[in-house]
Amino acid sequence: MQIFVQTCSVLLLLLASSNVVRAAEMQYPVSVAAPEKGPVYVADRKLPGIWSVQDGKVSSFYKGSKVFRTPLNAVRCVTLDEQGRVIAGDSATREVYRFEKAGAKPTPLTNGGIGIPMDVVVTKAGDLLVSDLELHRIWKVPAAGGKPTLFAEVSAPRGLALDQAGNLWVVSGTADQLLKVTPDGKVSVVVKGRPFNFPHDVVVLDDGTAVVSDGYEKTLWKVTLDGKTEKWVSGEPLINPVGIALQGKNILVADPHAKTVFSVDAEKKVTDLLSSEK
């Protein structure tokens, strides 16, 4: 009897330990953001919520509820404002939220004024630009929050990025897949036609070239200044690169099928940020 009890105790401890490990594993990371130095923030659609990653260790920044129409139940994107605060877009509540700190209650910024917020960036003035896949709009939201105003009309907008001149780059799911919007809202085409298979997100490098993530092609594409495209990093370990962001000179890649975040340097070396956890 004593042996049976001891065996059960050991099994329970193992199960508890296993649950702790599983609780710290990403399930479906779709978006990533980071300061030049410091923790990486990852929006996980199936957590649902946001992870914080630092030195290969994963911790929960905010865990939402599985109940629909609750904050971050359907988180789509994450970014940081100029003060380093986390901003996240959520289609379950048609909202963009700001977090003052880890675990804090999120502050809604638009009173449910966004349809499907696929991505969000923060301008130098602190205002938010949000791509709305449902309403085919780019919305502008005041830094302090408030009613969104129309910034530009773009069909099927997804990923967003700002360049050094303040232009907004937009990944589109329609006829022309990469667009640019000037600070006064004028839209032009960067990449004509549909060279990408299923583009998700974009970042713009210091030299003005862009990188676009393509989930179906398992590829990061380089886009030159004259709009030409070429495969830059392709294939394993990338499985389905979705959200991308810059951290210094490196590109962070959220891959929901690999269930991790990769970092790609200028030499195209790909590193798994969670490798020490696996």
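Which residues do ring pairs link into a cluster? Some notes on this predicted model, starting with that one.

1. The cluster consists of Tyr41, Phe61, Tyr62 and Phe99, joined by ring pairs. For context, searching the whole structure turns up five aromatic pairs.

2. Take Tyr62 and Phe99 from that cluster. Their ring centres are 5.1 Å apart and the planes meet at 55°, so this pair counts as tilted; the edge-to-face label needs planes over 60 degrees apart. It's a link between distant parts of the chain: Tyr62 belongs to strand β4 (residues 57–63) and Phe99 to strand β7 (residues 95–99), with their positions 37 residues apart. Both Tyr62 and Phe99 are buried.

3. Phe196 and Trp221 are worth a look too. Here the centres lie 5.4 Å apart with the planes at 65°, so the pair is edge-to-face. Again distant parts of the chain are linked: Phe196 sits in the loop between β16 (187–191) and β17 (199–204), while Trp221 is in strand β19 (residues 219–223), 25 residues apart. Phe196 and Trp221 are both buried.

4. If you care about charges over rings, check Arg158: its charged end sits over the ring of Phe198, 4.4 Å from the ring centre.

5. Now the sheet. β21, β22, β23 and β24 form an open, antiparallel sheet in that order. At the edges are β21 (244–247) and β24 (270–272), each pairing on one side only. From one strand to the next, the twist averages 30°.

6. Zooming in on one edge, β23 (residues 260–264) pairs with β24 in the antiparallel sense over three bridges. Phe262 has Asp272 of β24 as its bridge partner.

Notes
Residues are numbered from 1 along each chain as its sequence is written. This is a predicted model: local features need pLDDT of at least 70, side-chain atom pairs count only at pLDDT 80 or more; totals for chains, interfaces and linings use all residues. Side-chain values use heavy atoms; hydrogens and water are left out. Two strands pair if DSSP finds at least two bridges between them. Helices (H or I, at least four residues) and strands (E, at least two) are DSSP runs, numbered from the N terminus. Axes are lines fitted to C-alpha atoms, for helices over the stretch in contact, and angles run from 0 to 180 degrees between N-to-C directions. Rings of Phe, Tyr and Trp (its six-membered ring) pair if their centres lie within 6.5 Å; planes under 30 degrees apart count as stacked, over 60 as edge-to-face and the rest as tilted. Buried means under 20% relative accessible area, exposed over 50%, partly exposed in between (1.4 Å probe, protein chains only). A charge sits over a ring if NZ of Lys or CZ of Arg is within 6 Å of the ring centre and within 35 degrees of the ring normal.
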